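Visitor: Before we begin, may I ask for the reasoning behind each descriptive term, and not merely the term itself?
Guide: Certainly; please have the structure before you.

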Amino acid sequence: MSDESRKQTDRSRAASRELAAAYPRFRAGLLAFLRSKVSEPAVAEDLLHEVFLKALDALGRGARPSNLPAWLRTIAANALTDHYRRARPTEALPADLADGGPGYNQAEQEVAACLIPFINGLPPKYRRVMYATTLEGKSGAQLSRELGLTPSAIKSRMARGRAMLREAILDCCHIEATAGGEILEYRRRRGKP
């Protein structure tokens, strides 16, 4: 057995011990989380099994999470996303579906359209920058030339506009996302239009 092979075996054994020790502590919480997201208890159990297999594999490859519970929860959230992607029925697109051309993404366009009421609620100097960059696809440099402002002023307005936009959206909607920012679930808050 080569040194590299031996090191890999040692890492796998250490990962197995580490995960075996963590399993009893985190099993119930992760299972409750998974059961809250799927209707079938057996599916939740299968997903839990998948979570620990993925964690074991990652630990064996050398992953060293600084916050094990959060890391396991992220793996569980990703397993749920994968589960629902696999379960989603697919069908062929109609032949007459118009293509928006290269770089066109209909989903992005639909999300951008949902932002219009939120952008309209921003102060005018931020509204103009957010419209141009978010809806019109203009770059900060391009907008800087058009408005006669410095690039740093545009960047500042973009950052402040995004922060205000985020606050307005989170005030209206509850959003659950992975650590990487992928949206898992969202719903309108009660009493919000």
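**Terms and their grounds**

Guide: In this predicted model, 25% of the 193 residues of the chain count as buried. The chain has 7 helices and 2 strands, in the order α-α-α-α-α-α-α-β-β from the N terminus.

Visitor: Why is L80 called buried?
Guide: Buried means under 20% relative accessible area. L80 has a relative accessible area of 7%, so the residue is buried. L80 lies in helix α3 (residues 68-87).

Visitor: Which residues is L80 in contact with, leaving aside its neighbours within four places in sequence?
Guide: With that exclusion, L80 contacts F33, L34, K37, V38 and L47. For L80 and L47, which are 33 residues apart along the chain, the C-alpha atoms are separated by 7.3 Å.

Visitor: What makes Y23 and F52 an aromatic pair that is edge-to-face?
Guide: By the rule for ring pairs, the count comes to 1 aromatic pair. The rings of Y23 and F52 are 4.8 Å apart centre to centre, with 70° between the planes. Ring centres must lie within 6.5 Å to pair, and planes over 60 degrees apart count as edge-to-face; the two rings therefore satisfy both conditions. The pair links distant parts of the chain, as Y23 belongs to helix α1 (residues 3-37) and F52 to helix α2 (residues 41-60), 29 residues apart.

Visitor: Are these partners buried or exposed, and how do you know?
Guide: F52 has 9% relative accessibility, which is under the 20% limit, so F52 counts as buried. Y23 has a relative accessible area of 34%. Because that value falls between 20% and 50%, Y23 is called partly exposed.

Visitor: What makes R73 count as lying over the face of F33?
Guide: R73 is at 3.7 Å from the ring centre of F33. The limit for such a charge is 6 Å, together with a position within 35 degrees of the ring normal; R73 is listed as lying over the face of F33.

Visitor: Why is α5 called roughly perpendicular to α7?
Guide: The axes of helix α5 (residues 124-135) and helix α7 (residues 151-172) come within 9 Å and cross at roughly 95°. Angles of 65 to 115 degrees count as roughly perpendicular, so α5 is roughly perpendicular to α7. The residues making the contact include Y126, V129 and M130 of α5 and I154, M158 and L165 of α7.

Terms used:
Residues are numbered from 1 along each chain as its sequence is written. This is a predicted model: local features need pLDDT of at least 70, side-chain atom pairs count only at pLDDT 80 or more; totals for chains, interfaces and linings use all residues. Side-chain values use heavy atoms; hydrogens and water are left out. Rings of Phe, Tyr and Trp (its six-membered ring) pair if their centres lie within 6.5 Å; planes under 30 degrees apart count as stacked, over 60 as edge-to-face and the rest as tilted. Helices (H or I, at least four residues) and strands (E, at least two) are DSSP runs, numbered from the N terminus. Buried means under 20% relative accessible area, exposed over 50%, partly exposed in between (1.4 Å probe, protein chains only). Axes are lines fitted to C-alpha atoms, for helices over the stretch in contact, and angles run from 0 to 180 degrees between N-to-C directions. Angles under 35 degrees count as roughly parallel, over 145 as roughly antiparallel, 65 to 115 as roughly perpendicular and the rest as oblique. Contact means heavy atoms within 4.5 Å.
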